[in-house]
Amino acid sequence: MISVAEARSRLLDGVEPLEAERIAIDRANNRILADDLTALRTQPPLPVSAMDGYAVRALDIAGAPASLTVIGQAAAGHPFDGTVKQGETVRIFTGGVVPDGADTILIQENATVVDDGAITANQSETKGRFIRPAGLDFSEGERLLTAGTPLDAGALCLAAAANHPDVSVVRIPRVAILATGDELLPPGSQPGPGQIIASNSYGVAALVREAGGETTDLGIAADTREALSDALDRAVAARADVIVTLGGASVGDHDLVQETFVAKGMTLDFWKIAMRPGKPLMLGRLDGIQVLGLPGNPVSSLVCTHLFLKPLIARLAGRSAVELRMSALLAEPLPANDRREDYLRALAWRDGAGKLHVRAFDRQDSSMIRIFAEANVLIARPPHAPAAVTGDAVEVVVLKPATI
Ligand SMILES: Nc1nc2c(c(=O)[nH]1)N[C@H]1C(S)=C(S)[C@@H](COP(=O)(O)OP(=O)(O)OC[C@H]3O[C@@H](n4cnc5c(N)ncnc54)[C@H](O)[C@@H]3O)O[C@H]1N2
Ligand code: MOO
């Protein structure tokens, strides 16, 4: 059995983001930029007013009160086509281009309209006040966003302002998920004796999507070579980047996944790791597709998804690591660990001083979905960790960041 660290590096080392594709920016929310994005224009393109008021020459109103003649107006999108000379002003609105000759904006609160063609400036103003110079935000040719940036609200707004109708983003990894086992039926079925409901696919798919992937549900394959072989063909036909199998990974007579896939050309990288839960984890490759065989026990499959599948999807999607680890103080002692790295379902909480405490659930059976659903962290126990007492610091993998 190899260590968790070795298994993770065999899975992740050398994995690069998938190729780029161009998509319209209105579909690009949460996607990852594949190439640096450069400004195609300057913003603002010319000096503009930041306020509603009057475009003036600062010198003209230095001895306010001062009378000025209004010679025209400049609204956003409608520049004034002329020059402001001594004693003149142009009515201007926020976003309007500052006319030639003017160097300052007098806000309308500080002016009195005398009649249609004249105002009184009631106070002086520093030269340049309320003018946004050309290029205040960015200039044509500047690099605005670097490859790898997630396209959030600010980034999308910036890309649009820089005049990009579409953007180059990393393709979303496609993950095909196959449940295996004669005992399994989809939710909503009437199970017969010994039958149970296939649940793992739903949790695994949710985590894949959280990590930036999209999923194809290949359904449930019976424990036969034919069914497994057919499912593998369908995964390949769906052009999956990653195939995830659930169950059939152990040593029982009905655990046929590995054997069937190898017979169809899969190269086995590893099978079995020193981890609890998750011992029978398998990694293989078939025509450039990563094949990850997760154990059937629901908690094992979800823990393996957190530790292996999510980081793989994040790499392929060009996203930075999604795993959050921190230190917490034990609220109850833990026994010494054996040679398998242990991931204990646990609840963590903060005390009044902000310190994080954690308590492992008493029952750690890897079939217990209900306890996994309640847990907000996993306590990571290294192989051969000695017994730990209350107050000892342990490392936790955060499952529900919003609860910590
Ligand atoms: N003799 C040994 N037996 C087992 C070993 C071992 O080393 N020697 N390892 C145990 C460990 S650890 C695990 S984990 C399990 C994993 O075995 P498989 O991956 O082959 O899983 P299955 O046998 O197919 O299923 C295990 C369990 O989980 C249920 N299951 C399977 N798929 C689903 C699903 N999609 N949704 C819900 N539940 C599922 C299945 O009914 C079984 O109860 O092997 C141990 N045995
Ligand atoms: O490794 Mo199994 O996943 O312990 O239950």
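**A six-stranded sheet and a helix pair in a four-domain chain**

In this predicted model, an open sheet is built from 6 strands in the order 7-4-6-5-9-8, and the pairing within this sheet is mixed. Strand 7 (104-107) and strand 8 (111-115) form the edges, where each has a single partner strand, so that one side of each remains without a neighbour in the sheet. From one strand to the next, the twist averages 40°.

Within this arrangement, strand 4 is paired with two strands, namely strand 6 and strand 7. Strand 4 (residues 53-56) and strand 6 (residues 88-92) run antiparallel and are joined by 3 bridges; in this pairing, Gly53 has Ile92 of strand 6 as its bridge partner, while Ala55 stands opposite Val90 of strand 6. The pairing of strand 4 with strand 7 is likewise antiparallel and extends over 4 bridges, and here the bridge partner of Tyr54 is Leu106 in strand 7. In general, the strands of a sheet pair through backbone hydrogen bonds, in either a parallel or an antiparallel sense.

According to the domain assignment, the chain is divided into domain 1 (4-16 + 172-316), domain 2 (21-39 + 143-169), domain 3 (48-132) and domain 4 (325-403). Domain 1 and domain 2 are thus each given as two segments, whereas domain 3 and domain 4 are each given as one. The centres of domain 1 and domain 3, taken over C-alpha atoms, are separated by 69 Å.

A further feature of the model is the packing of two helices. Helix 1 (residues 4-12) packs with helix 6 (residues 298-316) at an angle of about 30°, and the axes of the two helices lie 10 Å apart. Helix 1 is therefore roughly parallel to helix 6, angles under 35 degrees being counted as such. The crossing of helix 1 and helix 6 is right-handed. On the side of helix 1, the contact comprises Val4, Arg8, Leu11 and Leu12, which meet Leu307, Phe308, Pro311, Leu312 and Arg315 of helix 6. Classified by residue type, this contact between helix 1 and helix 6 contains 7 nonpolar and 2 charged residues, with no polar residues; the charged residues are Arg8 in helix 1 and Arg315 in helix 6.

How values were computed:
Residues numbered from 1 in each chain as written. Chains lettered and ligands numbered in written order. Predicted model: local features only at pLDDT ≥ 70, side-chain atom pairs only at ≥ 80, totals over all residues. Axes fitted to C-alpha atoms, helices over the stretch in contact; angles between N-to-C directions. Parallel < 35°, antiparallel > 145°, perpendicular 65-115°, else oblique. Left-handed = near helix turned anticlockwise from the far one by under 90°. Contact = placed C-beta atoms within 7 Å. Domains from an automatic or database assignment. Pairing = 2+ DSSP bridges.
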